[in-house]
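Me: Please take a close look at one part of this structure, the open sheet and what packs on it, and then go through the aromatic contacts.

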Amino acid sequence: MILILGGTTEGRAAVKTADEAGSPYFYSTRDAHQQVDCHHGTRLTGAMDEEAMEAFCREKEIRLLVDAAHPFAEVLHRTVAVVAERLSLPVVRYERVYPPRSADIIWCDDYDDAIRRMEADGVTRLLALTGVQTIGRLRAYWQAHDACIFRILDLPTSLALAERQGFPRERIVYYEPGGDEALLERVRPQAILTKESGESGGFIDKVEAAHKLGIAVYAVRRPPMPAGFVTVTGRHGFRKQIERFVPGFFPLRSGYTTGSCATAAAKAALMALLTGEEQSEVSYALPDGEVMTLPIAETHLGEREATAAVIKDAGDDPDVTNGCKICATVALRDEEGEGIRFLQGEGVGRVTLPGLGLEIGGPAINRTPREMITRELTALCDAPLDVTIAVPDGEKIARQTFNPKLGIVDGISIVGTSGIVMPFSSDAFVRSIRREVEVCRALSPERLVINSGARSERFVKAEYPDLPAQAFVHFGNFIGETLKIAAELGIPNVTMGIMVGKAVKLAEGSLDTHSKKVVMNKAFLQTVAAESGCSPSASEAITGITLARELWHALTDNDRDRFFPALLRLCHRHCAPLLPDGHLTILLIDEDGNIPYRHA
C-alpha cells in the first residue's frame with residue numbers, strides 16, 4: 001500500500017498517476033478544501049504527527065511514502081523522514097520544477113533574514129505573497145510597518161487564521177487566479193516577498209509581474225529536503241519509482257524508448273570525454289522537460305572521443321529492442337560547421353525513401369531523439385561534435401519490424417516521441433481508459449472527447465473550451481475498446497479527434513491502430529481515392545508516399561476535398577455501430593493542428 005501526502009498540484013498529479021494502476025492507496029492532506037478525484041484512493045484529512053503517521057503506516061502496511069506536499073511544509077517533511085527511518089520505508093519526493101535562481105531577485109535564507117534585508121533596504125510598503133501561515137513569522141515586520149499587506153486565499157479558514165494572529169482585516173487582499181499584475185498595479189508596493197515555490201506555485205508569474213512594474217522581489221529560499229528522499233519531477237519518474245518500490249502496484253512496467261537510451265548514452269559519452277571519468281548513471285530531460293535518470297552499462301574513453309552504452313529496458317512492452325545495447329560515440333571535430341552531426345553506426349538504419357522528415361542516405365534517428373540529444377550535449381559543450389549511434393544487433397532485429405516497408409535499411413530506427421514506452425497490453429491499457437471515462441461521466445456526462453495522445457488533444461480542446469480536463473481521454477490505439485466503454489457507460493455524445501496516420505488504418509476497419517499490428521495499406525487508399533472520384537493523379541501520388549501524413553501535400557486541393565471526407569465516412573461506418581445509442585463526431589486533424597474535415 002502507498003501513502004501519498006499532498007494538498008498541492010504535485011499531489012494531484014501523483015493521484016492521477018496512482019489511479020492509472022487501479023490499485024488501492026491513501027491520499028492525505030492537512031485540510032479538506034483541495035478538490036481531487038481519488039478514483040482508487042482513500043482520502044484522508046488532518047495533519048498527522050510522528051506517532052499518528054507511524055501507527056497508520058503499521059496498521060495499513062504502507063510500503064512506500066510519497067511526499068508531494070508544499071516545499072515549505074518543513075514539519076511534514078521531518079515527520080515523513082522520521083517515520084520512514086523508524087519503519088525502514090522508502091520515500092519518493094514528488095518535487096516541483098524550479099527556475100534557475102536569478103540575480104535580480106533578493107534571496108533570503110529564511111523569514112528572519114528577509115526582515116533584516118527589507119529593514120536594511122528601507123522597505124516599508126510590502127505586499128507579502130507568502131501565505132497566511134507566515135503571518136506569525138513576519139510579525140515583527142508588519143507590526144512595525146502599517147503599509148504591509150498580506151495576500152491570502154479567499155477561504156473562511158484563512159481569514160480566521162489571519163485574525164487569530166492579530167493581522168488587521170483591512171490590510172488583507174485575496175488571491176485571484178492570474179491576477180498578480182492587476183494586484184500589483186492596485187497596491188503599488190515597494191517590494192513583494194514571496195517563497196521559492198516553483199513553477200506550479202506561480203513563482204515565475206509573480207516575479208515577472210513585479211519586474212514589469214519595477215517592483216523589488218525578495219524571495220525566501222526553499223528549505224532542503226531530508227536526506228534519503230528519492231526525487232522525481234513528473235509522472236513518468238513517479239511511476240518508475242512506484243514500480244521499483246512497490247512491484248505489482250501497476251499491472252505492467254513502463255520502459256524507455258531507444259531515443260531516451262541514445263540520449264543518455266550520448267550525454268554519458270560527452271561527460272566522460274570532458275571529465276576523463278566513466279559515468280555510472282546520467283540524468284537527461286524528456287521532451288516534456290521531466291528529468292529522468294538511466295544507468296550506464298559501459299564507457300570507453302579515448303583521446304578525442306568516448307563511447308557509452310545503455311541497455312534498453314522496455315518494461316513489460318513486447319518490444320523487439322528490449323535488452324538491446326544502445327551505444328553512442330561522441331567525437332570532437334576540428335572543422336567548423338554545424339554544432340552536432342549525426343552519423344550512422346552499426347545496426348542503425350539508413351533512410352532510402354522520402355516522407356520520414358529525414359535526409360535520404362542519413363541515419364534513421366528521428367527528430368525527437370535528435371532534439372533530445374542536441375539539447376543535452378549543447379548544454380555541456382559548444383564545440384562541433386560527431387554523434388554516432390549504434391545498436392550491435394540492430395540489423396537482425398530490424399527484420400522483425402516494418403522498417404523495410406518504410407524504406408529504412410541496414411538496421412532499426414532510433415525513435416520515441418515521449419521518451420517513455422508505455423506497456424502495450426490491451427487489458428492494462430483498456431482498464432486505464434475505463435477509469436478515465438468513468439471520471440468523465442461524473443464530471444462531463446454529456447460529452448466525451450477521445451484522442452490518440454497529448455498532441456491531438458491540444459488541438460481538439462480548442463473546439464470544446466468549456467469542457468473540463470477530465471472530458472478528454474486518450475485512446476492510444478484502442479479506438480474500438482474506448483467506444484465500447486463509452487457505450488456501456490451511457491455517454492450520449494462522443495467526439496473523436498484523429499490524425500491521418502491512424503485514420504487510414506481505422507478506415508480499413510482496424511479498430512486497434514498500433515503499428516505492431518497494422519500498417520498503412522496503399523492499395524486500399526487507392527481504392528478509396530478511385531471510389532470517391534479523385535483524379536487519376538491521386539493514385540500515382542499515393543504510390544509515392546511513405547507515411548500517411550504526406551497525403552496532405554501529395555493530393556491536390558480538389559482530390560483532398562473528395563478523399564478525406566470519404567476516408568472519414570469509412571471511419572464512421574466502422575465506429576458508429578459500437579456506439580448504438582450515442583452520437584459520434586469525428587474530427588480529422590492536419591499536421592498544423594487545423595481541423596479541415598469532420599463527419600458527424
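Reply: The sheet comes first below, then the rings.

The model is predicted, so local features need pLDDT of at least 70 and side-chain atom pairs count only at pLDDT 80 or more, while totals for chains, interfaces and linings use all residues. Residues are numbered from 1 along each chain as its sequence is written, and side-chain values use heavy atoms, with hydrogens and water left out.

The open sheet is built from six strands in the order β3-β2-β1-β4-β5-β12, with parallel pairing. Strands (E, at least two residues) and helices (H or I, at least four) are DSSP runs numbered from the N terminus; two strands pair if DSSP finds at least two bridges between them. At the edges stand β3 (41-45) and β12 (230-232); each has a single partner strand, so one side of each is left without a neighbour in the sheet. From one strand to the next, the twist averages 20°. Strand β2 (residues 25-29) runs parallel to β3 and is joined to it by five bridges. Y27 has R43 in β3 as its bridge partner.

Helix α2 (residues 50-59) packs on the sheet and touches β1 (2-5), β2, β3 and β4 (64-67), where contact means heavy atoms within 4.5 Å. The direction of α2 makes about 150° with that of β1; axes are lines fitted to C-alpha atoms, for helices over the stretch in contact, and angles run from 0 to 180 degrees between N-to-C directions. Helix α9 (residues 235-245) also packs on the sheet, touching β1, β4, β5 (91-94) and β12, and its direction makes about 145° with that of β12.

Over the whole structure, a search finds ten aromatic pairs. Rings of Phe, Tyr and Trp (its six-membered ring) pair if their centres lie within 6.5 Å; planes under 30 degrees apart count as stacked, over 60 as edge-to-face and the rest as tilted. One of the pairs is Y94 with F238: the ring centres are 5.3 Å apart and the planes at 55°, so this pair is tilted. Because Y94 lies in strand β5 and F238 in helix α9, the pair ties together parts that are 144 residues apart in sequence. Y94 is buried at 5% relative accessibility, and F238 is buried at 0% (buried means under 20% relative accessible area, exposed over 50%, partly exposed in between, with a 1.4 Å probe and protein chains only).

Another pair is F563 with F564, whose ring centres are 5.3 Å apart with planes at 80°, so it is edge-to-face. F563 is buried, with a relative accessible area of 0%, and F564 is buried, also with 0%. W552, F563, F564 and Y597 form one aromatic cluster.
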